[in-house]
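Got the viewer open and the cartoon switched on? Here is a walk through the model, one selection at a time.

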Amino acid sequence: MADNPLLPQDRLREIHALMQRIRTIDRRRSNAAREALLAATLIHLSAGDLVSSVADDRAIRELAPASTAGEEAHDVPQSLRIPLCAGAARGMQTAGTDRLAVAFAEAGAPENGWADALRWAHRDRLPFLLIVADDGRNARRKRSARTAAPLLWPELARLGRSLHLPHFPVDGEDAVAVYRVMQETSARARSGGGPSVIWAMLSAERLSARQQPMTRLEAYMVARKIRL
């Protein structure tokens with residue numbers, strides 16, 4: 001079978017290998033299988049890009065490319081990390097680089113200033129991506145009066161429609177689908193097209209062996225006669 005220039009065979013093998021590494025590292029509190037989501041997004045990043053994640057996210061901290069900000073980039077105040085990530089995107093834009101600022105978040109988690117950060121990033125076409133993992137669990141939590149506004153799909157979708165901000169729901173357990181959305185949004189952001197939001201849906205319950213992201217990717221590769 002002829003190679004697909006948008007997703008070459010060697011690239012698929014790289015994603016497959018990265019997913020294996022993430023499965024080894026990722027021992028999280030929930031049952032969500034994140035290896036497809038993380039592999040298919042992180043593979044588009046390179047040294048000099050800035051990646052922000054929650055403080056205890058070992059997989060992202062270990063596998064994200066090195067930032068010019070060094071280890072300090074992981075130590076920004078958690079309560080303001082999305083606005084600060086957008087601020088870093090402004091610095092990248094001002095410097096005239098093609099670097100990218102990416103914030104990983106969890107749906108339903110309280111995140112200060114996320115809506116204002118997206119408004120600003122969209123207005124000024126900043127090279128910023130927000131990637132949200134949604135397994136449906138946190139979205140059911142009740143908001144405390146003391147916490148920041150939670151990051152939820154209905155609010156994000158309303159904001160996206162009002163601003164004409166690109167926001168893409170995607171099957172977060174389908175590595176190929178996530179890869180293609182990340183390919184489009186990262187290229188757009190690097191070329192001055194502005195920010196996007198990738199909203200990755202994950203299963204709340206433990207997956208069967210057949211449903212696992214790794215099994216799905218391997219079936220895709222086998223169907224296209226791509227050697228694992």
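Start by selecting helix H1, residues 9–25: at 1.5 Å a residue its 17 residues should span 24 Å, and its end C-alpha atoms are 25 Å apart, so the two agree. The expected span here is 1.5 Å times one less than the number of residues. Helices (H or I, at least four residues) and strands (E, at least two) are DSSP runs, numbered from the N terminus.

A word on what is loaded: this is a predicted model, where local features need pLDDT of at least 70, side-chain atom pairs count only at pLDDT 80 or more, and totals for chains, interfaces and linings use all residues. Residues are numbered from 1 along each chain as its sequence is written, and side-chain values use heavy atoms, with hydrogens and water left out.

**Zoom out for a moment**

Colour by secondary structure and you get 8 helices and 5 strands. Along the sequence they come in the pattern α-α-β-α-α-β-α-β-α-β-α-β-α. Of the 228 residues in the chain, 51% are buried; that means under 20% relative accessible area, with exposed over 50% and partly exposed in between (1.4 Å probe, protein chains only). Take contacts (heavy atoms within 4.5 Å) between residues at least 6 apart in sequence: 76% of them join residues at least 24 apart.

**Back to H1**

Show side chains for Gln9, Leu12, Ile15, His16, Leu18, Met19, Ile22 and Ile25, the buried residues of H1. What covers them? Among the elements doing so are helix H2 (35–42), helix H3 (58–63), helix H7 (175–190) and helix H8 (213–223).

Now pick Gln20, also in H1. Gln20 counts as partly exposed because its relative accessibility is 41%. Draw a C-alpha to C-alpha distance from Gln20 to Ala36 and you should read 9.6 Å, for a pair 16 residues apart in sequence.

Next, Ile25, again in H1. Ile25 has 11% relative accessibility, so it counts as buried. Which residues does Ile25 touch, leaving aside neighbours within four places in sequence? Select Arg58, Ala59, Glu62 and Leu63 to see them. The C-alpha atoms of Ile25 and Leu63 are separated by 9.7 Å, with their positions 38 residues apart along the chain.

**H2 against H7**

Hide everything but H2 and H7. Their axes are 8 Å apart and the packing angle is about 35 degrees. Axes are lines fitted to C-alpha atoms, for helices over the stretch in contact, and angles run from 0 to 180 degrees between N-to-C directions. The crossing of H2 with H7 is right-handed, meaning the near helix is turned clockwise from the far one by less than a right angle. H2 brings Ala36, Leu37, Ala40 and Thr41 to the contact, while H7 brings Ala175, Val178, Tyr179 and Met182. By class, these residues are 7 nonpolar, 1 polar and no charged. For that split, Ala, Val, Leu, Ile, Met, Phe, Trp, Tyr, Cys and Pro count as nonpolar, Asp, Glu, Lys and Arg as charged, and the others, Gly among them, as polar.

Stay on Ala175, in H7. Is it buried or exposed? Ala175 is buried, since its relative accessible area is 4%. Beyond neighbours within four places in sequence, Ala175 is in contact with Ile15, Met19, Ala36, Ala40 and Leu217. Try Glu35 too: 140 residues from Ala175 in sequence, yet 8.3 Å away in space, C-alpha to C-alpha.

**On to the sheet**

Select the strands: 5 of them form an open, parallel sheet in the order E1-E2-E3-E5-E4. At the edges sit strand E1 (50–52) and strand E4 (167–171), each pairing on one side only. Two strands pair if DSSP finds at least two bridges between them. Neighbouring strands are turned by 20 degrees against each other on average, direction ignored.

Helix H6 (residues 153–163) packs on this sheet, touching E4 and strand E5 (196–201), and its direction makes about 140 degrees with that of E4.

Step across the pairs:

- Strand E2 (residues 101–106) and strand E3 (residues 128–134) are parallel over 6 bridges; Ala101 stands opposite Phe128 in E3.
- E3 and E5 run parallel, joined by 6 bridges; Ala133 has Ala200 in E5 as its bridge partner.
- E4 and E5 run parallel, joined by 5 bridges; Phe168 faces Ile198 in E5.

Finish by colouring E5 by accessibility: 5 of its 6 residues are buried.
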